[in-house]
Amino acid sequence: MNTQIPKQTIAILGGTGKEGPGLALRWAYAGYPIIIGSRQLEKAQATAKELNERLGFEAATGLENADAARTADFSVLTVVQSAHQPALEGLKDALQGKILVDATARVDFRDPKPPAPPSAARTAQDLLGPGVRVVAAFQNVPAHVLKKNLGQSLDTDVLINADDVEAAKEIIHLAEAAGMRAYYAGGLDNAVVVEGITSLLISINKHYGIKTASIQVTGLVEVEKKEIPV
Ligand SMILES: NC(=O)c1ccc[n+]([C@@H]2O[C@H](COP(=O)([O-])OP(=O)(O)OC[C@H]3O[C@@H](n4cnc5c(N)ncnc54)[C@H](OP(=O)(O)O)[C@@H]3O)[C@@H](O)[C@H]2O)c1
């Protein structure tokens, strides 16, 4: 008898681009069922097929974004930055009662500068209302890094912001399952700083001719991060 508890389903809204498939691959590899969301069903299904081929097993399906959000336990928003607000407006009903992870970093790769407050995740929370628990995460993790060496841990820390600490804990667990160290870093307003770190990392990459600059939090011992003080 298989006594394993089935893992929760993760929808990647706007999952047909660069960042979404990277996250999807890592969670699929860790055993999570994935729903790729898109504005177009066929595009979602095509990306899901590509991911399954890369994985060598069936982990991903494709749906339109709103159906993906309704079906999944968690949703992760990875639409292009310019579509952040309109996409959320269209998904407001579908996301009620759920956790939404917002990976938006409002930074232009060609001219990296820190974005102004409010954070993208604060904007998302205001727009979606209190019925959706918004968590900001993964803004500093580049797509190309996620897609490599799926079974191995990434040499990066992920800062998790949420007003709801219990929601943050769930996403810390998901980040760890995807091979990243993750730490609670305060409420949604702090996420604007995390978006700004993306600007720093792009600048470091450009200056040193690399693509892999990332962040690490020091001074934490394992036991402290396991139990997030409320
Ligand atoms: N790329 C990275 O390395 C990276 C790293 C960290 C964080 N991020 C963040 O992740 C998010 C996605 O970045 P990306 O590079 O993956 O973006 P992207 O590849 O340019 O676009 C992602 C998806 O956005 C959807 N989209 C485009 N226009 C839309 C619209 N008007 N309404 C709704 N959806 C629309 C498209 O999906 P459909 O056409 O299928 O609907 C597209 O595949 C951004 O917020 C970015 O800041 C990216």
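Where along the chain does Ala-137 lie? Ala-137 is in the loop between β6 and α6, and that helix covers residues 143-146. Before going further, keep in mind that this is a predicted model.

**Around the end of β6**

Let's start with this stretch of the chain. Ala-136 is part of strand β6, which runs over residues 133-136. How much of Ala-136 is accessible, in relative terms? The value is 0%, so Ala-136 is buried. The cut-off for "buried" is under 20% relative accessible area.

Ala-137, over in the loop, also gets the label buried, because its relative accessibility is 0%. Phe-138 belongs to the loop between β6 and α6 too. With a relative accessibility of 2%, Phe-138 is likewise buried. There's a twist to Phe-138: its phi is positive, at about 70°, although the residue is not a glycine.

**Far along the chain, and then in space**

Counting residues along the chain tells you one thing, and a distance through space tells you another. Here are three pairs to look up in the structure above.

| Pair | Separation along the chain | C-alpha to C-alpha distance |
|---|---|---|
| Ala-136 and Glu-195 | 59 residues | 9.5 Å |
| Ala-137 and Ala-182 | 45 residues | 9.0 Å |
| Tyr-29 and Asn-52 | 23 residues | 10 Å |

Two of the residues in the table, Ala-136 and Ala-137, have come up already. Tyr-29 is new: you'll find it in helix α1, made of residues 19-29. Is Tyr-29 buried or partly exposed? Tyr-29 counts as partly exposed, because its relative accessibility is 47%. To be called exposed, a residue needs over 50%.

**What surrounds the ligand?**

Now for the ligand, which sits in the largest pocket. How many residues surround the ligand? There are 21 of them, and the closest are Thr-16, Glu-19, Ser-38, Arg-39 and Lys-43. Sorted by class, the shell has nine nonpolar residues, eight polar ones and four charged ones.

Some of the contacts can be traced atom by atom. In the side chain of Lys-43, an N or O atom is 2.6 Å from an oxygen atom of the ligand. The side chain of Arg-39 offers a similar picture, with an N or O atom 2.8 Å from a ligand oxygen. With Val-80, look at the backbone instead: an N or O atom there lies 3.0 Å from an oxygen atom of the ligand. As for cover, the ligand on its own has 890 Å² of accessible area, and the protein covers 79% of that.

**Backbone details in other loops**

A couple more spots are worth finding. Which kind of peptide bond links Pro-117 to Pro-118? The bond is cis, and its omega is near 0°. Pro-118 lies in a loop, with β5 (99-102) on one side and α5 (120-128) on the other.

Asn-149 sits in the loop between α6 and β7, a strand of residues 157-162. Like Phe-138, Asn-149 is not a glycine and has a positive phi, and for Asn-149 the angle is near 45°. Asn-149 counts as partly exposed, because its relative accessibility is 48%, whereas Phe-138 is buried at 2%.

Technical notes:
Residues numbered from 1 in each chain as written. Predicted model: local features only at pLDDT ≥ 70, side-chain atom pairs only at ≥ 80, totals over all residues. Heavy atoms only, no water. Near = heavy atom within 4 Å. Polar contact = N/O pair within 3.5 Å; in protein donor to acceptor, adjacent residues only side chain to side chain. Areas by Shrake-Rupley, 256 points an atom, 1.4 Å probe, with all protein chains shown as cover. 1 Å grid on protein atoms, 1.4 Å probe; cavity = no way out; pocket = protein on both sides within 12 Å on 5 of 7 lines; lining within 4 Å. Sits in = over half its atoms within 2 Å of the grid points. Nonpolar A, V, L, I, M, F, W, Y, C, P; charged D, E, K, R; others polar. Helix = DSSP H or I, 4+ residues; strand = E, 2+ residues; numbered from the N terminus. Buried < 20%, exposed > 50% of the residue type's maximum accessible area, 1.4 Å probe, protein only.
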